[in-house]
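Biologist: I would like a close look at a single part of this model. Please start with how far the model can be trusted, and then go through that part step by step.

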Amino acid sequence: LQEAFFSQRPIVRESLGKAVEAGLNVAVGTDGLVGKLAQEVRFLTEIGMTPLEAIRAATLQGARLMDADGEIGSLQVGKRADIISVAGDPLEDISALGDVRLVMKNGRRLDPVLDEPVVSKRA
């Protein structure tokens with residue numbers, strides 16, 4: 001599936017670039033590219049989005065398109081939030097999103113490789 005997707009990149013680049021240029025709302029979904037969200041967000045910057053616009057396409061825009069932005073999609077009091085911490089500033093260098101240092105889901109720290117809660121060894 002990934003090979004088929006990447007072979008379509010020139011077509012996607014052209015059509016999505018036109019959508020971005022026209023000011024249409026764009027949301028990111030990984031579809032069959034599980035674990036490749038950082039690459040998808042970086043791709044959006046390659047076709048003309050700013051890093052902030054690309055990050056919002058992966059967060060808030062998806063929530064809006066699902067009519068769930070009252071509950072998810074941005075960090076606000078009262079909303080559910082799964083968050084990541086990365087090494088670096090993705091607004092300066094979008095590739096920083098590929099260097100995840102911390103993952104929190106449902107308020108618990110996860111092992112980013114195993115997608116399981118990290119058990120603290122502190123008493």
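What pLDDT does the protein chain average, and how many of the residues, in percent, score at least 70? After that, please turn to helix 2: which residues are buried there, and which are exposed?

Modeller: This is a predicted model, and its confidence varies along the chain. The average pLDDT of the protein chain is 82, and a score of at least 70 is reached by 80% of the residues. Among the elements, the highest mean, 94, belongs to helix 4 (residues 51–58), and the lowest, 56, to strand 4 (residues 116–117).

Some context comes before the close look. The protein chain contains five helices and four strands. Read from the N terminus, their order is α-α-α-α-α-β-β-β-β. Of the 123 residues in the protein chain, 23% are buried.

Now to helix 2. It covers residues 9–21, which is 13 residues. At 1.5 Å a residue these should span 18 Å, and the C-alpha atoms at the ends are 17 Å apart, so the expected and the modelled lengths agree.

The next point is which way the residues face. Arg9, Gly17, Ala19 and Val20 are the buried residues in helix 2. Around the axis they take up an arc of only 160 degrees, and therefore they sit on the same side of helix 2. The other side of helix 2 has exposed residues: Pro10, Ile11, Lys18 and Glu21. A general rule helps in reading such a pattern. An α-helix has 3.6 residues a turn, so residues three or four places apart point the same way.

Just past the end of helix 2 comes glycine 23, with a positive phi of about 85 degrees.

Helix 2 also has a packing partner. Two packed helices are described by the angle between their axes and by the distance between the axes. For helix 2 and helix 3 (residues 37–46), the angle is about 55 degrees and the axes are 10 Å apart. Helix 2 is therefore oblique to helix 3. An angle counts as roughly parallel only under 35 degrees, and as roughly perpendicular from 65 to 115. The crossing of helix 2 past helix 3 is right-handed.

To sum up, helix 2 has Arg9, Gly17, Ala19 and Val20 buried, has Pro10, Ile11, Lys18 and Glu21 exposed on the other side, and packs with helix 3 at about 55 degrees.

Technical notes:
Residues are numbered from 1 along each chain as its sequence is written. This is a predicted model: local features need pLDDT of at least 70, side-chain atom pairs count only at pLDDT 80 or more; totals for chains, interfaces and linings use all residues. Side-chain values use heavy atoms; hydrogens and water are left out. Helices (H or I, at least four residues) and strands (E, at least two) are DSSP runs, numbered from the N terminus. The expected span of a helix is 1.5 Å times one less than its number of residues. Buried means under 20% relative accessible area, exposed over 50%, partly exposed in between (1.4 Å probe, protein chains only). The arc is that of the directions from the helix axis to the C-beta atoms. pLDDT is the predictor's confidence in each residue, from 0 to 100. Axes are lines fitted to C-alpha atoms, for helices over the stretch in contact, and angles run from 0 to 180 degrees between N-to-C directions. Angles under 35 degrees count as roughly parallel, over 145 as roughly antiparallel, 65 to 115 as roughly perpendicular and the rest as oblique. A crossing is left-handed if the near helix is turned anticlockwise from the far one by less than a right angle, and right-handed if clockwise.
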